[in-house]
Every structure is written in structure tokens, then in C-alpha cells.
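Thank you for making room for this on the agenda. I would like to walk you through one structure slowly, and I will assume that nobody here has looked at it before.

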Amino acid sequence: MNLQKLEETARALLADGKGLLAMDESTGTANKRFAPLGVPQTEDARRAYRDLIVTTPELGQNISGAILYDETVRQKTNDGRPFVEAIIQAGIIPGIKVDAGAKEMAAHPGEKITEGLDGLRERLAEYAGLGLRFAKWRAVITIGDGIPSDGCIAANADALARYAALCQEAGLVPIVEPEVLMEGSHTLEQCAEVTERTLNIAFDVLVRRRVALEGMILKPNMILPGLDCPVQNPAEEVANATVSCFLRTVPAAVPGIAFLSGGQPSELAAERLNAMNVRFKGRMPWALTFSFSRAIQQPALEIWAGRDENIPAAQAALLHRAQCSRAARLGEYHPDMETSTDPATPGEQR
Ligand code: 13P
């Protein structure tokens, strides 16, 4: 394992106040997001949409790395460039989702285990050869009646650690994503308890499976009340609960934490990340940034809706969300950015 190379990649992914863009929706998920907008659920529509994303002017000033899906790395942009090449030319580091999805876990009703370890060493070698420099694996933890079980958390932690070790062997930085889902009526406190338990076990197993913490990035959920919880806590309480949890569970050797958005509205995701970076400035041993999919993409996808004539407006919306996310990472986000028309402000709509 070349730890120096891994550390360099991780540092580059966390540099300049930038964050990551997840554009690694599986075919099923991409189709699910296209369907309500009337976008055809075809390979070429997915290609056209991802072309819109990677050709967005100035995206690389806000986004350090983009997580792709296997289909995309085998496709070309409208002007005939392989997507990996177009992303590198945009000043963005290309990465790839390598898990095969979360499946029902046997003997654990209501819980999931992520698959994809079989043949992973060979797939990672191919991806490294294609120029990809980091990878992602998502585990899903559900809060509900009597769940998550220790068995589900342990099995997912073990898969995450085996995936991470294989990535590092192949020279790819693993993005380790144990996602505690927002679905449910649980409280913020319950989410905190489950997330803390999940991260404690995940790091215990990562260390035992000899994953170099310096050469990985954690991609967690924020600590939030469930979508159906009657109490929806303000950003300050979310920030305190989230960073306090990480200070107890995430070793200082880990260079960065990059949040998933999990279906939060874009503005709330930015406001909460901003609150964390403001309130805990100078007190966190790791960079605290974003690795959003929906919180960056959703407004742009809705504007595009499959129509070529909407591409410039969709790209402006995508850039705006990337700028707001970067501002939140820097602790410089303000809700005024959502409405500002002043071309000098970072939230400018172009
Ligand atoms: P969301 O930001 O939409 O949660 O997606 C992030 C991601 O990569 C999920 O695996």
C-alpha cells in the first residue's frame, strides 16, 4: 500500500474549502429520480444528464471530487470525451461507487446489508487503470422498532472495512459511508445514539482490518430527527449533536468527514453544515465538508427535466448549490445567498 499517494489524494479532495459531488446514482435510482419529471429512463438520458453536470462552467472551483457510477465511466460526453477525462479537465478528481447496493439482510427483518465484495479486487484494479482515484461504498442503517441490531451494524462494518482495505491496496482512497437513514419518527437523540454506536463499531473494525485511517474519508449522515418526528430541531442543535458525536467516535488521524445529504432540502443541508463549521471552528481535528447528491443536484435536475433548452438554467442552479455548499464548508453561508442577485457574492445565480 502506498500510503503517501493515498494521503495526497485525500488531501486534494479536502483542499481549498471544496467538497465532493455524488453523481453515482445507480441505474434504478437515476430512473426513479427521472420518472416524476417525465425524463425518459434510458441510458442516453442518464448520459445527457451527466454531461450537463460535468460541463457546468466553474464547477471545479467548488467541487474537488465527483463520484461516478460504472455506467458513466464507460460513456462519453456530447463532445466525445470519456467522462473521466472530462472531469479531470474540469479540475475535479474522479471517483467511483463500487458497492452493489444494499439488500435485505437474511434473518434481520427490516435491515439491509450492502453487497459487492466478490470480485472487488479485480474491479478496483480496472478502475485504477481508468484513472479513478477514490471509491465509495454505502452501508444503510435503519432506525425502527428494535432496530438497528448489533448483527446488522457489525456485518455492515465488516464489509466497509474489507472494501476499504481493498481500495487502499489498489491505490484508491476509500470513502466509507455508513448512512443512518432519516426515514422514521425517531428523535434527534435516537439518531445520535444509533450513529454513535455505528461509528464506534465501524472504526473498531476498520482498525482491526488494518485500514490506514490517514488514507480514508468518512461519509456519514448528520444527526437529525426522523422525517416523521414531530420535533424538528434547529440547525444549532443539529450542529452540536453531530460534531459532538464525531469528536467522540472519529479518530483525529482521519483527514476528513464529508456528509451525505440524505434527502434534506438543499438550503437546510447548507445551513446545518455551516452551523457546524461556525460553531466548532478550530476545535475539529478533521475537515468537515460535503459529499452531496440530492442537495446539490435536485434543483438542477428539476429545471432540466430532460429538455436541451433548459441546460443553461440547470447548470446555473447546479453551480449555485455547489457554491452554497462550499460556503457552508467555509462557515460563510448565509440564507441571503439563496436570493442574492449581486454578481459579486458567492451565491450569484449564473
Ligand atoms: P445524498 O446526498 O442524496 O444523500 O446522496 C449521497 C450519496 O452518495 C448517497 O450514497
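**From an outer helix to the ligand**

Let me begin with helix α7, whose buried residues pack against α1 (3-13), β5 (112-114), α6 (120-129), β6, β7 (173-180) and α8 (188-208). Please keep in mind throughout that what you see is a predicted model. The helix itself runs over residues 150-170, which is 21 residues, and from its first C-alpha to its last it reaches 30 Å, close to the 30 Å expected at 1.5 Å a residue. Among its buried residues are C152, I153, N156 and A157, and further along Y163, A164, L166, C167 and Q168. After α7 comes G171, a residue with a positive phi, near 85°.

Now to the barrel. Eight strands close into it, with parallel pairing, and if you trace them in order you pass through β1-β2-β3-β6-β7-β8-β9-β10. As a reminder, strands of a sheet pair through backbone hydrogen bonds, either parallel or antiparallel.

I would like to stop at β3, residues 93-97, which pairs in the parallel sense with β6, residues 134-141, over three bridges. Within that pairing, K97 stands opposite K136, and I96 has A135 as its bridge partner. β3 also pairs in the parallel sense with β2, residues 63-68, here over four bridges, and on that side I67 stands opposite G95.

How many of the five residues of β3 are buried? Five of the five are, so the strand is largely enclosed by the rest of the structure. In a regular strand the side chains alternate between the two faces of the sheet. For β3 both faces are covered, with I93, G95 and K97 buried on one side and P94 and I96 buried on the other.

Let me turn to the ligand, which has 13 residues around it, and of these K136, K219, S261, G262 and R294 come nearest. We have already met K136, as the residue in β6 that stands opposite K97. Looking at individual distances, an N or O atom in the side chain of S261 is 2.4 Å from an oxygen atom of the ligand, a polar side-chain atom of K219 lies 2.7 Å from a ligand oxygen, and for the side chain of E177 the corresponding distance is 3.0 Å. Taken on its own, the ligand has 300 Å² of accessible area, and the protein covers 93% of it.

K219 leads us on to S291, in strand β10, residues 287-292, since the side chains of these two residues are joined by a polar contact of 2.8 Å. Is S291 buried or exposed? It counts as buried, because its relative accessibility is 1%. Besides K219, S291 touches L20, A22, I67, A258, F259 and L260, leaving aside residues up to four places away in sequence, and I67 is the residue we saw opposite G95 in β3.

Finally, a residue outside the strands: E25 lies in the loop between β1 (19-22) and α2 (27-34), and with a relative accessible area of 9% this residue is buried. Its side chain makes a polar contact of 2.6 Å with that of S293 and another, of 3.0 Å, with that of Q297. With residues up to four places away in sequence again left out, E25 touches these two and also A30, R33, R50 and Y69.

Note on methods:
Residues numbered from 1 in each chain as written. Predicted model: local features only at pLDDT ≥ 70, side-chain atom pairs only at ≥ 80, totals over all residues. Heavy atoms only, no water. Pairing = 2+ DSSP bridges. Helix = DSSP H or I, 4+ residues; strand = E, 2+ residues; numbered from the N terminus. Expected span 1.5 Å × (residues − 1). Buried < 20%, exposed > 50% of the residue type's maximum accessible area, 1.4 Å probe, protein only. Contact = heavy atoms within 4.5 Å. Near = heavy atom within 4 Å. Polar contact = N/O pair within 3.5 Å; in protein donor to acceptor, adjacent residues only side chain to side chain. Areas by Shrake-Rupley, 256 points an atom, 1.4 Å probe, with all protein chains shown as cover.
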